[in-house]
Amino acid sequence: MGFLKGLFGKKEQPKRQLSHPNHLLKGDMISLDDSFALPPQLRGQQLRVEAVNTYEFERKQLIEWVLKGHGNDTLFLSLDEDDETYLAFSLKIPRNLVEQIFDLEQFSDIFEEDVQANLTVQPSIPEQLEQWLGKQYHQINFAQFGYFHREDYRNQRPPQDAEGATGDAFESYLLLDDEERYALDIEVYEGGETDVMLTLYRPLSDIREYWPGQI
(Lines give C-alpha, C1' and ligand atoms only; values in the text may rest on other atoms or scores of the structure.)
Protein backbone atom coordinates (compact mmCIF):
# COMPACT_ATOMS: atom_id res chain seq x y z
CA MET A 1 0.00 0.00 0.00
CA GLY A 2 2.83 2.35 0.85
CA PHE A 3 4.35 1.68 -2.57
CA LEU A 4 1.04 2.36 -4.34
CA LYS A 5 0.46 5.49 -2.30
CA GLY A 6 3.90 6.66 -3.34
CA LEU A 7 3.02 6.10 -6.99
CA PHE A 8 -0.45 7.62 -7.02
CA GLY A 9 -0.52 9.91 -4.00
CA LYS A 10 -0.40 13.67 -4.44
CA LYS A 11 3.16 14.91 -4.15
CA GLU A 12 3.85 18.19 -2.42
CA GLN A 13 5.17 20.73 -4.89
CA PRO A 14 8.56 22.23 -3.98
CA LYS A 15 8.51 25.84 -2.87
CA ARG A 16 9.74 28.47 -5.33
CA GLN A 17 13.33 29.46 -4.73
CA LEU A 18 13.89 33.20 -4.41
CA SER A 19 17.33 34.76 -4.52
CA HIS A 20 16.88 37.97 -6.54
CA PRO A 21 14.29 40.78 -6.73
CA ASN A 22 13.60 39.85 -10.37
CA HIS A 23 11.88 36.69 -9.10
CA LEU A 24 9.41 38.48 -6.82
CA LEU A 25 5.68 37.97 -7.39
CA LYS A 26 2.61 39.37 -5.69
CA GLY A 27 2.33 37.87 -2.20
CA ASP A 28 6.07 37.27 -1.74
CA MET A 29 7.89 38.86 1.19
CA ILE A 30 11.36 40.28 1.80
CA SER A 31 13.22 41.33 4.92
CA LEU A 32 15.72 44.19 4.84
CA ASP A 33 18.99 44.88 6.60
CA ASP A 34 18.74 46.69 9.95
CA SER A 35 21.61 49.03 9.10
CA PHE A 36 21.28 52.67 10.18
CA ALA A 37 22.27 53.57 6.62
CA LEU A 38 18.64 52.79 5.74
CA PRO A 39 15.77 55.17 6.55
CA PRO A 40 13.33 54.02 9.26
CA GLN A 41 10.68 53.10 6.68
CA LEU A 42 13.08 50.40 5.38
CA ARG A 43 15.43 49.56 8.26
CA GLY A 44 14.90 45.97 9.43
CA GLN A 45 11.45 45.86 7.85
CA GLN A 46 9.55 42.86 6.52
CA LEU A 47 7.70 43.93 3.39
CA ARG A 48 5.06 42.15 1.34
CA VAL A 49 4.66 42.55 -2.43
CA GLU A 50 1.17 43.98 -2.84
CA ALA A 51 1.28 44.46 -6.61
CA VAL A 52 3.63 44.32 -9.61
CA ASN A 53 3.40 47.10 -12.19
CA THR A 54 5.08 47.78 -15.54
CA TYR A 55 6.46 51.01 -16.99
CA GLU A 56 6.64 50.84 -20.78
CA PHE A 57 9.05 53.14 -22.61
CA GLU A 58 10.05 53.23 -26.28
CA ARG A 59 13.15 51.05 -25.86
CA LYS A 60 12.71 49.38 -22.47
CA GLN A 61 10.33 48.20 -19.79
CA LEU A 62 10.74 48.72 -16.05
CA ILE A 63 9.11 46.57 -13.38
CA GLU A 64 7.86 48.16 -10.15
CA TRP A 65 7.05 46.18 -7.01
CA VAL A 66 4.59 47.80 -4.60
CA LEU A 67 5.62 46.99 -1.01
CA LYS A 68 3.77 47.26 2.27
CA GLY A 69 5.00 46.62 5.81
CA HIS A 70 3.62 47.23 9.28
CA GLY A 71 3.72 51.01 8.88
CA ASN A 72 1.39 53.28 6.93
CA ASP A 73 3.82 53.97 4.11
CA THR A 74 3.50 52.33 0.71
CA LEU A 75 6.96 51.78 -0.75
CA PHE A 76 8.02 51.10 -4.31
CA LEU A 77 10.95 49.00 -5.52
CA SER A 78 12.53 48.88 -8.95
CA LEU A 79 15.99 47.92 -10.20
CA ASP A 80 18.62 50.30 -11.54
CA GLU A 81 20.60 48.15 -13.97
CA ASP A 82 23.75 49.46 -15.58
CA ASP A 83 27.26 48.07 -15.02
CA GLU A 84 25.94 46.92 -11.64
CA THR A 85 22.43 46.35 -10.35
CA TYR A 86 21.08 48.42 -7.48
CA LEU A 87 17.83 48.44 -5.56
CA ALA A 88 15.85 51.62 -6.14
CA PHE A 89 13.46 52.21 -3.22
CA SER A 90 10.95 55.01 -3.71
CA LEU A 91 8.53 56.89 -1.47
CA LYS A 92 5.75 59.05 -2.89
CA ILE A 93 5.35 62.46 -1.25
CA PRO A 94 2.34 64.84 -1.38
CA ARG A 95 2.41 68.42 -2.62
CA ASN A 96 2.69 69.96 0.86
CA LEU A 97 5.95 68.07 1.46
CA VAL A 98 7.27 69.02 -1.99
CA GLU A 99 6.72 72.66 -1.00
CA GLN A 100 8.50 72.10 2.30
CA ILE A 101 11.53 70.31 0.83
CA PHE A 102 12.15 72.34 -2.35
CA ASP A 103 11.99 75.95 -3.47
CA LEU A 104 8.98 75.96 -5.80
CA GLU A 105 10.59 78.38 -8.25
CA GLN A 106 13.52 75.98 -8.67
CA PHE A 107 11.10 73.05 -8.82
CA SER A 108 9.12 74.63 -11.67
CA ASP A 109 12.34 74.73 -13.76
CA ILE A 110 12.06 70.92 -14.09
CA PHE A 111 9.23 71.36 -16.58
CA GLU A 112 10.92 74.05 -18.70
CA GLU A 113 12.40 72.51 -21.83
CA ASP A 114 15.32 74.90 -22.24
CA VAL A 115 16.33 74.93 -18.56
CA GLN A 116 18.49 72.35 -16.80
CA ALA A 117 16.95 72.36 -13.34
CA ASN A 118 19.14 72.40 -10.24
CA LEU A 119 17.45 71.95 -6.88
CA THR A 120 18.83 72.62 -3.40
CA VAL A 121 17.06 70.85 -0.54
CA GLN A 122 15.72 73.23 2.10
CA PRO A 123 17.24 72.98 5.60
CA SER A 124 13.93 72.41 7.41
CA ILE A 125 13.01 68.98 6.04
CA PRO A 126 10.88 66.51 8.02
CA GLU A 127 12.99 64.14 10.13
CA GLN A 128 11.37 61.03 8.63
CA LEU A 129 12.62 62.06 5.17
CA GLU A 130 16.22 63.00 6.02
CA GLN A 131 17.66 59.70 4.76
CA TRP A 132 15.64 59.84 1.54
CA LEU A 133 17.24 63.06 0.34
CA GLY A 134 20.51 64.27 -1.10
CA LYS A 135 21.60 67.88 -0.69
CA GLN A 136 21.39 69.02 -4.31
CA TYR A 137 19.84 67.56 -7.46
CA HIS A 138 20.53 68.13 -11.15
CA GLN A 139 18.18 67.19 -13.95
CA ILE A 140 19.19 64.41 -16.35
CA ASN A 141 15.89 63.50 -18.01
CA PHE A 142 13.17 65.72 -19.52
CA ALA A 143 9.65 64.57 -20.48
CA GLN A 144 10.49 60.96 -21.37
CA PHE A 145 7.21 59.55 -22.68
CA GLY A 146 5.87 56.22 -21.47
CA TYR A 147 2.87 54.17 -20.38
CA PHE A 148 2.06 52.83 -16.92
CA HIS A 149 0.39 49.41 -16.57
CA ARG A 150 -1.05 47.97 -13.34
CA GLU A 151 0.02 44.51 -14.52
CA ASP A 152 3.18 42.40 -14.57
CA TYR A 153 4.41 42.20 -18.17
CA ARG A 154 7.86 40.75 -17.56
CA ASN A 155 9.25 38.98 -20.63
CA GLN A 156 6.29 40.02 -22.77
CA ARG A 157 5.07 43.07 -24.60
CA PRO A 158 2.20 44.97 -22.97
CA PRO A 159 -1.08 44.69 -24.93
CA GLN A 160 -1.86 47.06 -27.77
CA ASP A 161 -5.12 48.20 -29.30
CA ALA A 162 -5.88 49.83 -32.65
CA GLU A 163 -4.50 53.13 -31.38
CA GLY A 164 -1.33 51.67 -29.85
CA ALA A 165 -0.38 51.16 -26.21
CA THR A 166 -3.17 50.67 -23.67
CA GLY A 167 -1.60 51.92 -20.43
CA ASP A 168 -1.83 55.32 -18.71
CA ALA A 169 0.29 57.80 -20.69
CA PHE A 170 2.76 59.93 -18.74
CA GLU A 171 5.93 62.01 -19.03
CA SER A 172 8.89 61.21 -16.77
CA TYR A 173 11.38 63.69 -15.30
CA LEU A 174 14.47 62.50 -13.41
CA LEU A 175 16.97 64.34 -11.22
CA LEU A 176 20.01 62.88 -9.43
CA ASP A 177 22.14 64.13 -6.56
CA ASP A 178 25.85 64.68 -7.14
CA GLU A 179 26.83 61.23 -5.78
CA GLU A 180 24.01 59.47 -7.67
CA ARG A 181 22.77 57.90 -4.45
CA TYR A 182 19.45 59.71 -4.49
CA ALA A 183 16.96 60.60 -7.18
CA LEU A 184 13.84 62.64 -7.64
CA ASP A 185 11.35 60.90 -9.95
CA ILE A 186 8.39 62.86 -11.28
CA GLU A 187 5.58 61.47 -13.43
CA VAL A 188 3.03 63.78 -15.06
CA TYR A 189 -0.09 62.05 -16.38
CA GLU A 190 -2.70 63.24 -18.86
CA GLY A 191 -4.97 65.66 -17.07
CA GLY A 192 -2.10 67.03 -14.97
CA GLU A 193 -1.98 64.47 -12.16
CA THR A 194 1.61 64.51 -10.88
CA ASP A 195 3.45 61.93 -8.76
CA VAL A 196 6.65 62.98 -6.98
CA MET A 197 8.87 60.19 -5.66
CA LEU A 198 11.98 60.31 -3.49
CA THR A 199 14.30 57.47 -4.56
CA LEU A 200 17.19 55.89 -2.70
CA TYR A 201 19.70 53.57 -4.42
CA ARG A 202 21.00 50.66 -2.34
CA PRO A 203 23.01 47.44 -2.91
CA LEU A 204 21.18 44.17 -3.59
CA SER A 205 22.57 42.80 -0.33
CA ASP A 206 20.20 45.05 1.63
CA ILE A 207 17.56 42.37 1.02
CA ARG A 208 18.53 39.80 3.63
CA GLU A 209 15.83 37.18 3.07
CA TYR A 210 13.13 36.24 0.60
CA TRP A 211 9.94 34.27 1.31
CA PRO A 212 7.75 32.93 -1.50
CA GLY A 213 4.08 33.66 -1.00
CA GLN A 214 2.89 30.94 -3.35
CA ILE A 215 4.15 27.74 -4.95
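**Exercise 1. Decide whether aspartate 195 is buried, partly exposed or exposed, and then describe the salt bridge that this residue forms with lysine 92.**

Solution. Aspartate 195 has a relative accessibility of 13% in this predicted model, and since buried means under 20%, aspartate 195 counts as buried. The next step is to look at the partner, lysine 92, which has a relative accessibility of 41% and therefore counts as partly exposed. In the salt bridge between lysine 92 and aspartate 195, the closest N and O atoms are 3.7 Å apart. The pair links distant parts of the chain, for lysine 92 belongs to strand E5 (residues 85-93) and aspartate 195 to strand E12 (residues 194-203), with their positions 103 residues apart in sequence.

**Exercise 2. How many salt bridges does a search of the whole structure find, and how is aspartate 206 placed in the one it shares with arginine 202?**

Solution. The search of the whole structure finds nine salt bridges. In one of them, the side chains of aspartate 206 and arginine 202 meet at 2.6 Å, N to O. Aspartate 206 has a relative accessible area of 3% and is therefore buried, and arginine 202, with 14%, is buried as well. A further salt bridge joins arginine 154 to aspartate 152, with the closest N and O atoms 2.6 Å apart; here aspartate 152 counts as partly exposed, at 26% relative accessibility.

**Exercise 3. Which residues gather in a patch of negative charge on the surface, and where is aspartate 80 found?**

Solution. The patch is formed by Asp80, Glu81, Asp82, Asp83, Glu84 and Glu180. Aspartate 80 is found in strand E4, which covers residues 74-81, and its relative accessible area of 33% makes it partly exposed. For the chain as a whole, the count is 20 positive and 40 negative side chains, and the centres of these two sets lie 13 Å apart.

**Exercise 4. What is the sign of phi in asparagine 155, and is this residue buried or exposed?**

Solution. It helps to recall that most residues other than glycine have a negative phi. Asparagine 155, although not a glycine, has a positive phi of about 65°. This residue is found in the loop between E7 and strand E8 (160-161), and with a relative accessible area of 85% asparagine 155 is exposed. Alanine 143 also has a positive phi, near 50°, but alanine 143 is found in strand E7 (residues 136-149).

Conventions: Residues are numbered from 1 along each chain as its sequence is written. This is a predicted model: local features need pLDDT of at least 70, side-chain atom pairs count only at pLDDT 80 or more; totals for chains, interfaces and linings use all residues. Side-chain values use heavy atoms; hydrogens and water are left out. Patches are made of residues with over 30% relative accessible area and no salt bridge: like charges are joined within 9 Å, nonpolar side chains (Val, Leu, Ile, Met, Phe, Trp, Tyr) within 5 Å. Accessible areas come from the Shrake-Rupley method with a 1.4 Å probe; for residues, only the protein chains shown count as cover. A salt bridge is a side-chain nitrogen of Lys or Arg within 4 Å of a carboxyl oxygen of Asp or Glu. Lys and Arg count as positive and Asp and Glu as negative; His and the chain ends are not counted. The place of a charge is taken as NZ of Lys, CZ of Arg, CG of Asp or CD of Glu. Helices (H or I, at least four residues) and strands (E, at least two) are DSSP runs, numbered from the N terminus. Buried means under 20% relative accessible area, exposed over 50%, partly exposed in between (1.4 Å probe, protein chains only).
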